[in-house]
Amino acid sequence: MKRIITLVILALIFIAGTGTLVFVPVKEKEEMKAGSLKVVAAPAQEQAMEHPYFKVEAFEPVIPSGTNVALTAKVTANNMGAGFVPKKAIDDKLTTYYEGAPGEFPNELTLDLKDVYSVHAVKLLLCPDAVWAKRVQTIEILAGTEEGALKTVVAKADYEFDPKTGNERVIEFPAENMRFVMIRFYANTGAVGGQAAEVRIYAD
Amino acid sequence: MGKRLFWILTGVLSCLVLTVGALNIMKFAKAGTNRFENTKLVVYEGPKSLRDATPEDLKAANEQQRDIALLHCTDTKVTVNGTELYVYDTNVNHSRTWNSSYLPALSRTPITYFDFEGVVRITVTVPDRALDSVKISPLSYGIKPKIDKAAHTVSFLIDTPDSYTVTFDDSPARALHIFANPLEKEEDIPDPEDDKVIYIGPGEWDIDSISLESGQTLYIAGGAVVHSDISANFVKNVRVCGRGIIDGSGYKGWAGKTAYIPLKFDFTQDCSVEGVIVTNPNAWCLQGYATTGFRVDNVKIISCRPNGDGITLQSCKNAVVTNCFVRSWDDSLVVKNYADSSENITFRHMRLWTDLAQSMEIGYETNKGSRENSTLSHVTFEDICVLNGFHKPVISIHNADDALVSDIVFKDITVENLRTGSGDGAELPYFVDIAVVSNGNWSTTRERGQIRDITIENVTVLDGAQVGSRIAGYDETHTVSGVHFKNVTVLGKKIKSLEDGGFKVKDGTFSDITFE
């Protein structure tokens, strides 16, 4: 009898313990400790702001004296990237451009002005949009009155193109008679080939 | 009762009593402990200039018919440990058919984010939802939320930073994306006074395109919304980081003309993108082109407009992409060759929701640049959860040029809902699609390519429609060889053969396909 009572008591303790385990809920506290919450506040504003770092001073483009005689030129290149045909360098649009074939420097863009002009400046332009990041192109300018006899009129040099300054460069030199003008690109830090959205050639 | 029997029974009952007693001690020891004892939490107010969304804003309409600006969500409230979060209302696209006018109807969905460590309780209140069912993805966490239908609330605990998605009533409509970030480490937050750092603080900003130079860090703080596109071109050691949002809703859809890519890294070395969110791009979202050493971590992307590829790596080498969330209206993750060959690319611990096109795609363009001996190799997709694959294959290789595509691994992948073949996805109604093809839209080379040594391992499809798969070379000399399926289970069925998997095959164009 005693044994049975012992077993019954043990069984009851087990049942009670199991019941407590299963049915009695325990609530853990859910409290944030002081200092463990950071709220990052938003500034007062009614519309989107301009960011001071990206504010760009107005840039006045440089326009050489004389007339741009490149618009009616015949333009060819020794190579080009797919779709970046030479004609795009004189279509009077800054959203299209010539680009040399990838990794095949020098890229040579040659303009036949169809007549002899006294030329004193060449202006090279890229698209002025900010997405066209600053880049340096290494360029030499050759020219002459006969296609097979071009000589250097501007020695090879680095030219920085920066959207903050219109993404353009004006290269001036002593006036010289020429019909053929070659822009020779040796390098471009911003693309795989030389680039020109517009080539403008100024003559008196 | 025999003595022996008595002592046996006593021994057994005593053991049981001791066990139950110990468990009760452990249980009640928790009483009085604080779940949030070790919790740290950072929440970000949203820009005060963002307009509140109205019912009109939530209507499905194209970008010419309604405002698609990023808005402040008003029909979904989210608190974390009792603190209310700012919830944004961004655009998504539920249509499963390409729209040739580039003007698909756009819907909206709420998103929110915060940073934490420890344990947090998230409570979502959605007065307009019936809450007959609630699913918290990734399902691998086994989160069983407490639902109070009368109060329209859903509550659950998390202790691991990740991107969580709450789906209500078994519908993708107005699913809530919660980006629970790890805390930013002090040493990782750049010094705003450093002249190599561009610091964009909380608030809404309109910034013309941002072009980064070598060595620069662009920090977009939590709470910031930046309307801009960010590029790094021919540079090295550039870092974009923070917690804020890069939003493209101010740009018209690209319609095949001008794409303003939110994050564009071309010809870069050792650059990284971490922690930021991308919403409403006008085309594709995060591009790496001819990069080496590109690292992307904890980036969250939601696209809705045509050609909204999530993360597209073109001719890259040694790229690692981890811990990202991509919801996209075009390929979620894609690797292609546009110039030189691609190699050593890893996508790890990703959460994908593919509204249109493929989830994990190699191709179609595998030699757009017409290079000699083009290869695309050693690409790994590992530890990936696909929440929804709504349109085209979830695992796919489409070699549409003459490249050799080889050593591709798809491993430890869970697909929670497989619905490929919907809409015009019916042209590719497959779970897995491995094919050498010629495609009028995407092929460049005259010759066709090869596919070799593909591993598909530990892949499970939990739910969805019963669809088959495809393995097809192009012809007898342009083939698929060496595709190894190990431990692949689709809707409860282990795939042990081509027949098991409902594979459509092209005879004479494949070999060495194994199942374990």
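Visitor: Why is strand β1 (residues 37-40) of chain A said to pair with β1(B)?

Guide: This is a predicted model. In it, 4 bridges join the two strands, which run parallel. Pairing needs at least two bridges, so these strands pair.

Visitor: Which residue of β1(B) stands opposite A:K38?

Guide: B:V42 does.

Visitor: What makes a residue part of the contact of chain A and chain B, and how many does each chain give?

Guide: The C-beta atoms of two residues must lie within 7 Å. By that rule chain A gives 43 residues and chain B gives 54. On the chain B side, α1 (3-29), β1 (40-44), β13 (197-200), β14 (203-206) and β18 (230-233) each supply at least two. The largest share comes from α1(B), with 13 residues.

Visitor: How many residues of each class does the side of chain B that touches chain A have?

Guide: That side has 22 nonpolar, 20 polar and 12 charged residues.

Visitor: Where do the domains of chain B lie?

Guide: The domain assignment gives domain 1 as 40-182 and domain 2 as 191-515. Their centres, taken over C-alpha atoms, are 24 Å apart.

Visitor: Why are residues of domain 1 of chain B said to be in contact with domain 2 of chain B?

Guide: Because the test is C-beta atoms within 7 Å, and 37 residues of domain 1 of chain B meet it with 38 residues of domain 2 of chain B. On the domain 1 side, β1, β5 (87-92), β6 (107-117), β11 (162-168) and β12 (171-182) each supply at least two residues. By class, that side has 19 nonpolar, 14 polar and 4 charged residues.

Methods: Residues numbered from 1 in each chain as written. Chains lettered and ligands numbered in written order. Predicted model: local features only at pLDDT ≥ 70, side-chain atom pairs only at ≥ 80, totals over all residues. Nonpolar A, V, L, I, M, F, W, Y, C, P; charged D, E, K, R; others polar. Domains from an automatic or database assignment.
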